[in-house]
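Good morning, and thank you for coming. Please look at the sequence and the structure on the screen, and we shall go through them together.

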Amino acid sequence: MNTENIKFENGRLIILDQTLLPNEIKYIEMTCIEDCFDAICRLAVRGAPAIGIFAGYALALFHGDDIEKTLNI
């Protein structure tokens, strides 16, 4: 089975919730920077390359005008 870990579709950031593998395949949409931070902390996104790509998408989508403020979660 070929599944994508991270999707960017129609301006939405969607991830495969890896905490449910291998029993369930479920995608969850990230709606804010806090969702992204939580996904990394609870290992819904795993692996250094995936975390790096995911974090880049998250910052690009949700940082607003003040990236320093965003990083002070």
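Phe8 is found in strand E1, which covers residues 6-9. Please bear in mind throughout that this is a predicted model. Is Phe8 buried or exposed, or does it fall in between? Its relative accessibility is 41%, so Phe8 counts as partly exposed.

Phe8 belongs to a nonpolar patch on the surface, together with Ile53, Tyr57 and Leu61. The accessible area of these residues taken together is about 350 Å². Which element supplies the largest share of the patch? That element is helix H2, residues 48-62, which contributes three residues. H2 lies across E1, E2 and E3, and runs at about 30 degrees to E1.

Let us now step back to the whole chain. The protein chain contains three helices and three strands. Along the sequence, their pattern reads β-β-β-α-α-α. The chain has 73 residues, of which 26% count as buried. Its accessible surface comes to about 4,900 Å², and carbon and sulfur atoms account for 52% of that surface. If we consider contacts between residues at least 6 apart in sequence, 42% of them join residues at least 24 apart.

I turn next to the strands. E1 and E2 run antiparallel, joined by four bridges. Within this pair, Lys7 stands opposite Ile14 in E2. The hairpin made by E1 and E2 has two residues between the strands, and in this hairpin Asn10 takes a positive phi near 50 degrees.

How do E2 and E3 pair? Strand E3 covers residues 27-30, and its pairing with E2 is antiparallel, again over four bridges. Here Ile15 stands opposite Ile28 in E3.

Taken together, the three strands form an open sheet in the order E1-E2-E3, with antiparallel pairing. E1 and E3 stand at the edges with a single partner strand each, so each of them has one side without a neighbour in the sheet. On average, neighbouring strands of this sheet are turned by 30 degrees against each other, with direction ignored. As a general point, the side chains in a regular strand alternate between the two faces of the sheet.

Why is strand E2 described as largely enclosed by the rest of the structure? The strand spans residues 12-16, and four of its five residues are buried, so the rest of the structure largely encloses it. To follow this reasoning, one needs the cut-off: a residue is called buried when its relative accessible area is under 20%.

There is also a helix to place against these strands. Helix H1, residues 33-41, lies across E2 and E3, and its direction makes an angle of about 140 degrees with E3.

My last topic is charge. In general, side chains of opposite charge can pair when their charged atoms come close. How many salt bridges does a search of the whole structure find? The search finds three.

One of them is formed by Arg12 and Glu29, whose closest N and O atoms are 3.2 Å apart. Arg12 lies in strand E2 and Glu29 in strand E3, so this pair ties together parts that are 17 residues apart in sequence. Arg12 has a relative accessibility of 34% and therefore counts as partly exposed. Glu29, with a relative accessible area of 37%, is partly exposed as well.

Another salt bridge brings together the side chains of Asp17 and Arg42, at 3.3 Å from N to O. Asp17 lies in the loop between E2 and E3, while Arg42 lies in the loop between H1 and H2, so the pair ties together parts that are 25 residues apart in sequence. Is Asp17 buried or exposed? With a relative accessible area of 5%, Asp17 is buried. Its partner Arg42 is partly exposed, at 34% relative accessibility.

Arg42 also meets Asp38 in a salt bridge, at 3.4 Å from N to O. Asp38 is partly exposed, with a relative accessible area of 41%. Which residues, then, do salt bridges with shared partners join into one network? They are Asp17, Asp38 and Arg42.

To close, I would ask you to find two places on the screen: the nonpolar surface patch that includes Phe8, and the salt-bridge network that includes Arg42. Thank you for your attention.

Technical notes. Residues are numbered from 1 along each chain as its sequence is written. This is a predicted model: local features need pLDDT of at least 70, side-chain atom pairs count only at pLDDT 80 or more; totals for chains, interfaces and linings use all residues. Side-chain values use heavy atoms; hydrogens and water are left out. Patches are made of residues with over 30% relative accessible area and no salt bridge: like charges are joined within 9 Å, nonpolar side chains (Val, Leu, Ile, Met, Phe, Trp, Tyr) within 5 Å. Accessible areas come from the Shrake-Rupley method with a 1.4 Å probe; for residues, only the protein chains shown count as cover. A salt bridge is a side-chain nitrogen of Lys or Arg within 4 Å of a carboxyl oxygen of Asp or Glu. Buried means under 20% relative accessible area, exposed over 50%, partly exposed in between (1.4 Å probe, protein chains only). Two strands pair if DSSP finds at least two bridges between them. Axes are lines fitted to C-alpha atoms, for helices over the stretch in contact, and angles run from 0 to 180 degrees between N-to-C directions. Contact means heavy atoms within 4.5 Å.
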